[in-house]
Every structure is written in C-alpha cells, then in structure tokens.
Amino acid sequence: MRMDLILEILDVPGQLVSVLSPLGDLGANLVTVIHQRENKNEKGMVPIQLTLEGERENLNAVIEKYKEMNLSIIEIDGVVRKEYFSTILYGHIIDTDVRDTVDKINAVEGLVVSALQFKLEGELASTALLTIEMDVGKREYAYEKVMEIAKEKDFLVIDEV
C-alpha cells in the first residue's frame with residue numbers, strides 16, 4: 001500500500017531526520033521525500049511531502065507516531081487534515097494577560113494558536129489578529145470557543161477575516 005503525507009516541521013537542523021528516523025522501525029519504506037525550505041510560512045514551518053509504502057497497519061503506526069511527536073499532519077492521501085481561521089480581538093488584551101488568553105484557546109482540544117499579531121494604542125485598548133489551526137470541520141466549534149473566551153475577557157470579536 002502507498003500513502004502520501006504532507007507534514008509541517010520547524011526549519012531547524014535535525015527536524016527532517018527526526019521525521020524520517022522512525023519509518024524503518026515501524027515497517028514503512030520511504031519512496032519520496034520533498035523538503036521545500038524556501039516555502040517557509042509565517043510560523044517558521046516548512047512543508048515536507050512524503051510518499052511511503054508498507055502494510056496498512058504499518059502506515060497507520062507511522063501516523064500515530066507522528067501524532068505522538070506532535071507533528072502537524074496537513075494532508076493524508078490528498079485529504080486536508082488541518083485548516084486555519086483568523087479573527088480580530090479588540091479590547092484590553094495586554095491588560096487581561098495575553099498568555100492566559102492563548103493558553104485558554106490552546107487548552108481546547110484540537111485548537112492551537114498559530115499566529116498572534118498586536119497593534120497597541122498606548123494606554124487604550126489594543127487589537128490582536130489571531131490565527132488558529134484546527135482539524136478540518138472544527139471551524140464553527142473554534143469560533144464558538146473564541147467567542148466564549150472573548151466574552152469572559154470583555155473583548156470585541158470581529159468575525160473571521
């Protein structure tokens with residue numbers, strides 16, 4: 001059986017080797033690897049395209065291993081596994097502890113804050129552009145969770161941008 005994967009990894013030394021090293025132990029053969037360092041995204045991540053061969057259970061073990069390694073699996077056999085949504089928060093974002101806001105979102109299963117940009121207006125309220133990575137099909141769920149956190153912290157939410 002053959003499987004095509006697209007992963008995202010940090011563009012730092014050793015990352016590609018860490019992705020490829022478990023394959024043999026799990027009974028999978030590497031057919032193709034495309035490492036496109038020039039396609040780095042705003043998070044410093046680069047796509048890795050892999051084509052693997054092996055028995056179904058071996059390839060499933062590779063997927064599970066990558067999940068254990070907290071690798072972002074973008075596509076499996078052409079099926080997109082991750083999507084993003086961005087929204088703008090307005091309010092006293094800095095004063096209400098940015099870290100707490102990000103931690104609350106990251107604590108929701110399947111959601112990860114992947115980018116956060118601020119515009120400060122002195123002592124006045126600030127604006128934050130928030131990008132969230134999620135599993136496909138969780139867009140409405142993610143938006144509801146952001147709305148709950150925003151209400152708790154008295155932020156205005158500008159719908160998805």
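# Close-up views of a two-domain chain

The structure holds 8 salt bridges. It is a predicted model, and the views below go from the whole chain to single pairs of strands and residues.

**Figure 1. Overview of the chain and its secondary structure.** The chain comprises 5 helices and 9 strands. Read from the N terminus, the order of elements is β-α-α-β-β-α-β-β-β-α-β-β-α-β. Along its principal axes, the C-alpha trace extends over about 55 × 30 × 25 Å. The domain assignment divides the chain into domain 1, residues 2–80, and domain 2, residues 82–159. Between the C-alpha centres of domain 1 and domain 2 there is a distance of 29 Å.

**Figure 2. A salt bridge within helix 3.** Side chains of opposite charge can pair when their charged atoms come close. Here E64 pairs with K67 in a salt bridge, with 3.7 Å between the closest N and O atoms. Both residues belong to helix 3, which covers residues 56–68. E64 and K67 are 3 residues apart, or about one turn of the helix.

**Figure 3. Strand 1 and its pairing with strands 3 and 4.** Strands of a sheet pair through backbone hydrogen bonds, either parallel or antiparallel. Strand 1 (residues 2–10) is joined to strand 3 (residues 45–53) by 9 bridges, in the antiparallel sense. In this pairing M3 faces L52 of strand 3. Strand 1 also runs antiparallel to strand 4, with 4 bridges between them. The residue of strand 4 that stands opposite I6 is E75.

**Figure 4. The interface between domain 1 and domain 2.** The size of an interface is often given as the accessible area lost when the parts come together. For domain 1 and domain 2, the area buried between them is about 490 Å², with 48% of it on carbon and sulfur atoms. On the side of domain 1 that touches domain 2, strand 4 (residues 72–76) gives the most, with 3 residues. In total, 6 residues of domain 1 are in contact with 5 residues of domain 2. There are 2 residue pairs in polar contact between domain 1 and domain 2, while the number of salt bridges across this interface is 0.

**Figure 5. The open sheet of strands 7, 8, 6 and 9.** This open sheet consists of 4 strands in the order 7-8-6-9, with antiparallel pairing. Strand 7 (111–119) and strand 9 (156–158) are at the edges and have a single partner strand each, so one side of each lacks a neighbour in the sheet. From one strand to the next, the twist averages 30°.

**Figure 6. The pairing of strand 7 with strand 8.** Strand 7 and strand 8 (residues 126–135) run antiparallel and are joined by 8 bridges. One residue to look for is V112, whose bridge partner in strand 8 is E133.

**Figure 7. Helices 4 and 5 against the strands.** Helix 4, made of residues 98–106, lies across strand 7 and strand 8. The direction of helix 4 is at about 155° to strand 7. Helix 5, made of residues 139–153, lies across strand 6 (82–91), strand 7, strand 8 and strand 9. Relative to strand 6, helix 5 runs at about 20°.

Methods. Residues numbered from 1 in each chain as written. Predicted model: local features only at pLDDT ≥ 70, side-chain atom pairs only at ≥ 80, totals over all residues. Heavy atoms only, no water. Pairing = 2+ DSSP bridges. Helix = DSSP H or I, 4+ residues; strand = E, 2+ residues; numbered from the N terminus. Axes fitted to C-alpha atoms, helices over the stretch in contact; angles between N-to-C directions. Contact = heavy atoms within 4.5 Å. Domains from an automatic or database assignment. Buried area = accessible area lost by both parts, 1.4 Å probe. Salt bridge = Lys/Arg side-chain N within 4 Å of Asp/Glu carboxyl O. Polar contact = N/O pair within 3.5 Å; in protein donor to acceptor, adjacent residues only side chain to side chain.
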